[in-house]
Amino acid sequence: MLFRPGYSLDLDAVLGPLSRGSRSPNVVRTEAGVTWLAANTADGAGTLALLRRADGEIEAEAWGPGADRLLEGVPAMLGAHDDDSEFVAHHDVIASARRRNPGLRLGSTGRVWDALVLAVLEQKVTSTEALRSWGELCRWFGEQAPGPGPARLRVPPTPVAIRSIVDWKWHRAGVDLKRRTTLIAAARVASRLEKAVELKGAEGRAWLRKVPGIGVWTAAEIAQRAWGDPDAVSFGDYNIPSMVGHALVGTKLDDVGMSEVLAPYSPQRQRAVRYLSTAGFRRPRFGPKIELRDYRAM
């Protein structure tokens with residue numbers, strides 16, 4: 001399949017939220033420039049390979065029971081349905097970031113489950129801890145990705161697989177009781193949670209929050225990936241309020257302060273945050289570090 005985007009497209013930027021860097025078990029980018037993605041779909045597991053050609057076209061190929069569904073979703077995943085025409089930059093730094101990143105799009109996978117598992121694992125722990133647990137759950141309870149992709153490419157565990165995990169294996173993966181309880185509760189109603197993609201916006205995020213343990217932050221993280229929600233800000237994040245504060249007003253902010261500063265951007269507040277993060281703004285590195293906790297040692 002060939003997809004020619006009718007817009008400026010930064011492929012790495014639009015796919016960025018789906019990956020967690022070079023250690024991501026379900027998203028792998030090779031030296032040849034191919035991005036491999038393994039995912040669960042309504043039709044089963046699938047693998048998608050994407051390559052940007054010299055003429056700007058995106059070459060896509062897929063394998064497994066979910067192959068057709070993944071190919072159908074390529075345009076949406078690459079931001080074809082994203083609309084930023086009404087976005088207004090109220091700060092010079094965001095206006096500048098937008099000019100420098102014309103290819104930034106908000107993509108949507110159309111799928112809740114895989115994003116939900118990773119978002120829950122990232123609750124209240126460092127990215128190092130979460131990625132370690134994510135990798136181990138994908139290796140132990142996910143399946144080898146269909147097709148000829150990299151050997152380490154894994155499909156995330158399905159709801160059935162999550163419900164099959166016994167306590168000592170959760171412990172071995174470093175997942176504490178609160179997060180495992182949330183994942184099991186979500187797995188029990190996984191098919192119904194996909195309705196959030198149809199509802200979208202605040203209504204879709206509220207639907208996700210019906211699961212005990214899924215709060216504002218987790219619902220926003222899922223919404224950003226599942227339907228490219230342009231207003232889903234990750235309130236409750238350790239880094240984002242400080243990053244937004246220092247970028248826009250020159251000082252650290254909490255969630256309340258960030259909400260006030262971003263208010264003029266509603267209903268596209270998350271788009272403003274993405275412009276800042278894609279432009280390289282980061283929380284200043286000072287103060288105490290988060291303590292790394294290894295739940296396997298407890």
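Student: Okay, looking at β3 and strand β4 here. How many bridges join them, and do they run parallel or antiparallel?

Tutor: Seven bridges join β3 to β4, which covers residues 44-52, and the two run antiparallel. Keep in mind that this is a predicted model.

Student: Got it. How many residues sit between β3 and β4 in their hairpin?

Tutor: Two residues lie between them in that hairpin.

Student: Can you give me some pairs to find on screen? Which residue in β4 stands opposite Leu 37?

Tutor: That's Leu 48. Another pair to look for is Asn 40, which has Ala 45 of β4 opposite it.

Student: And on the other side, what about strand β2 and β3: how many bridges join those?

Tutor: Three bridges there, between β2 (residues 27-29) and β3, and again the strands run antiparallel. In that pairing, Trp 36 of β3 has Val 28 opposite it.

Student: How many residues are between the strands in the hairpin of β2 and β3?

Tutor: Five residues. Look for Gly 33 in that hairpin, since its phi is positive, near 90 degrees.

Student: What order do the strands take in the whole sheet?

Tutor: Five strands make an open sheet, ordered β1-β5-β4-β3-β2, with antiparallel pairing. At the edges you find β1 (2-3) and β2, each of which pairs on one side only.

Student: What actually holds paired strands to each other, in general?

Tutor: Strands in a sheet pair through backbone hydrogen bonds, and that can be parallel or antiparallel.

Student: Back to β3. Is it mostly covered or out in the open?

Tutor: Mostly covered: seven of the seven residues in 35-41 are buried. "Buried" here stands for under 20% relative accessible area.

Student: Which residues of β3 point which way?

Tutor: Thr 35, Leu 37, Ala 39 and Thr 41 point one way, while Trp 36, Ala 38 and Asn 40 point the other way. Both sets are buried.

Student: New topic: holes. How many cavities of 30 Å³ or more are there?

Tutor: The count is two. The largest has a volume of about 200 Å³. It is lined by 18 residues, and the closest to its centre are Leu 18, Asn 26, Asp 114, Ala 115 and Arg 225.

Student: How do you even look for empty space inside a protein?

Tutor: You roll a probe the size of a water molecule over the atoms, and that shows where empty space is left.

Student: Neat. Which element gives the largest share of the lining of that largest cavity?

Tutor: α5 does, with four residues. At least two residues each come from β3, α5 (113-121) and α13 (216-226).

Student: And what kinds of residues line the largest cavity?

Tutor: By class, 10 are nonpolar, two are polar and six are charged. Domain 1 (2-88) and domain 2 (89-297) each give at least three residues to the lining.

Student: What about the second largest cavity, what's its volume?

Tutor: About 40 Å³. Among the residues lining the second largest cavity are Leu 48, Arg 69, Met 77 and Thr 109. α2 (67-72) and α3 (74-77) each supply at least two residues of its lining, and by class the lining has four nonpolar, three polar and two charged residues.

Student: Where does the second largest cavity lie relative to the domains?

Tutor: It lies between domain 1 (2-88) and domain 2 (89-297), because both of them give residues to its lining.

Student: Now pockets. What's the volume of the second largest pocket, and which residues lie nearest its centre?

Tutor: The second largest pocket has a volume of about 770 Å³. Its lining has 36 residues, and those nearest its centre are Thr 109, Gly 110, Arg 111, Val 197 and Ala 226. α2 gives the most to that lining, three residues. By class, the lining has 13 nonpolar, 13 polar and 10 charged residues.

Student: Last one: how many residues are in the largest nonpolar core?

Tutor: There are 39, and Val 112, Leu 116 and Leu 208 have the most contacts inside it. The largest share of this core comes from α5, with eight residues.

Note on methods: Residues are numbered from 1 along each chain as its sequence is written. This is a predicted model: local features need pLDDT of at least 70, side-chain atom pairs count only at pLDDT 80 or more; totals for chains, interfaces and linings use all residues. Side-chain values use heavy atoms; hydrogens and water are left out. Buried means under 20% relative accessible area, exposed over 50%, partly exposed in between (1.4 Å probe, protein chains only). Two strands pair if DSSP finds at least two bridges between them. On a 1 Å grid over the protein atoms alone, a cavity is a set of points where a 1.4 Å probe fits but cannot get out, and a pocket is an open set with protein on both sides within 12 Å along at least five of seven lines; lining residues have an atom within 4 Å of a point. Grid points are joined across faces, edges and corners, and a volume is the space filled by probe spheres set on the points. Ala, Val, Leu, Ile, Met, Phe, Trp, Tyr, Cys and Pro count as nonpolar, Asp, Glu, Lys and Arg as charged, and the others, Gly among them, as polar. Domain bounds come from an automatic or database domain assignment. A nonpolar core is a set of buried Ala, Val, Leu, Ile, Met, Phe, Trp, Tyr and Cys residues joined through side-chain atoms within 4.5 Å.
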